[in-house]
There are 2 protein chains.
Amino acid sequence: MARTGRRPGESTTRAAILAVARDAFSAQGYDAVTVRRIAAAAGVDPALVHYHFGTKERLFRAVVHDAITPQDLLAQSLAGDVEMLGERLVMRFLDLWEQGGGTVAGTLLRTAVTGEAGARLAREVVFPAVVQAMTRRAGVRATHLPLRAALIAAQLSGLVIARYVLELEPLAQVPNEVVAAAVGPAVQRYLTGDLPGAGQGPEPSAH
Amino acid sequence: MARTGRRPGESTTRAAILAVARDAFSAQGYDAVTVRRIAAAAGVDPALVHYHFGTKERLFRAVVHDAITPQDLLAQSLAGDVEMLGERLVMRFLDLWEQGGGTVAGTLLRTAVTGEAGARLAREVVFPAVVQAMTRRAGVRATHLPLRAALIAAQLSGLVIARYVLELEPLAQVPNEVVAAAVGPAVQRYLTGDLPGAGQGPEPSAH
């Protein structure tokens, strides 16, 4: 994103700090990281980190915002039958997690479960991005969108905890295809099914 | 459980230490708790805590074992249609969580997500108890039981994280009945449905 009034090279510095911060948060967890040590690892003055990002919490927000892109996940899952969207979404989610997207997401999950700063970040930044990604998306039912998004967030959070953090067997070992076939229909229902008790809505939008 | 070779009053002391430990772990989290402080709060010598429970990790295991009883959860959900077992199970799970069972379970979840001791406890103690509770239980499909148990653990862990920890709206606010109606069919499928790719199994056992 171009910003007016800054010198060339600033975006490079900003990107470098962001990359160092991403690695530091992923390796050490939110609480153990300090702005001072990130500055040292990036070879810049701590004041420059504050200039670009403000507080540690805002720096973490920037890292999460940069790494977690629910709109991409959904966009990459759309091609194909609407009825199998849930399964493709789980498949793509597992692929992304295993290809490294999970390191920041895992840090966010740990931070969110153990502290209010992380929970607030998940609630106020990441979750609204999920809802927004689902809005007016072909194949996604338009009614009760925030509830649907929360149910999908619940299912996928629990899935990565059981599979990658707790490593419950055999869930930790079975191929992604088996996980997607098992969990996909639940996600599909959260995307397009009736949610009894939450009221009825119109038909799913056309694909 | 009666133990031979111990004086009367020992079980009272053990229960008192356990109650103090449960409150301490729930209030402060696993890492912040020390055996010394639990002993002080229970009004006993630290050596007595070690005598009854051994290490802090073993004390935490005893607290978890005492508080989380998946066999009760399943037993209390059995009466009624087999087809609605998933919904009743979610309903009963939410009730138990809100009635205080969730304080220890929440501590376990936080501990399990952030450290290997907690993850090991979830994997080696709590999860096998879930699998065992489901074994030869009317209404539960007999094939792929550990995978079914892991999928249910994933769904319910994610549900409590999204609803009670992250407080994603509107999931945090809707009545338990709405949550059970939304999530119950997913749990039902994990209990009794086909799990494609994991192989086919026999029909559900008779209720």
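How many salt bridges does the rule find across the interface of chain B and chain A?

1. The rule finds zero salt bridges across the interface of chain B and chain A. A salt bridge is counted where a side-chain nitrogen of Lys or Arg lies within 4 Å of a carboxyl oxygen of Asp or Glu.

2. This is a predicted model, in which local features need pLDDT of at least 70 and side-chain atom pairs count only at pLDDT 80 or more, while totals for chains, interfaces and linings use all residues. Residues are numbered from 1 along each chain as its sequence is written, chains are lettered from A and ligands numbered from 1 in the order in which they are written, and side-chain values use heavy atoms, with hydrogens and water left out.

3. Chain B and chain A each bring 38 residues to their contact, where contact means heavy atoms within 4.5 Å. The area buried between the two chains is about 3300 Å², and carbon and sulfur atoms give 73% of that area. Buried area is the accessible area (1.4 Å probe) that two parts lose on being put together, summed over both. B:Val113, B:Leu166 and B:Leu168 supply 17% of the area that chain B buries against chain A, more than any other three residues.

4. Across this interface the rule finds ten residue pairs in polar contact, both residues at pLDDT 80 or more. A polar contact is a pair of N or O atoms within 3.5 Å; within protein, one must be able to donate a hydrogen and the other to accept it, and residues adjacent in sequence count only if both atoms are side-chain atoms.

5. On the side of chain B that touches chain A, the elements giving two or more residues are helices H6 (85-114), H7 (116-134), H8 (145-165) and H9 (176-192) of chain B. Helices are DSSP runs (H or I, at least four residues), numbered from the N terminus. H8(B) gives the most, with twelve residues. By class, this side of chain B has 29 nonpolar, four polar and five charged residues. Ala, Val, Leu, Ile, Met, Phe, Trp, Tyr, Cys and Pro count as nonpolar, Asp, Glu, Lys and Arg as charged, and the others, Gly among them, as polar.

6. Within chain A, helix H2 (residues 35-42) packs against helix H3 (residues 46-53) at an angle of about 105 degrees, with the axes 8 Å apart. Axes are lines fitted to C-alpha atoms, for helices over the stretch in contact, and angles run from 0 to 180 degrees between N-to-C directions. H2(A) and H3(A) are therefore roughly perpendicular to each other, a term for angles of 65 to 115 degrees.

Note on methods. Parallel < 35°, antiparallel > 145°, perpendicular 65-115°, else oblique.
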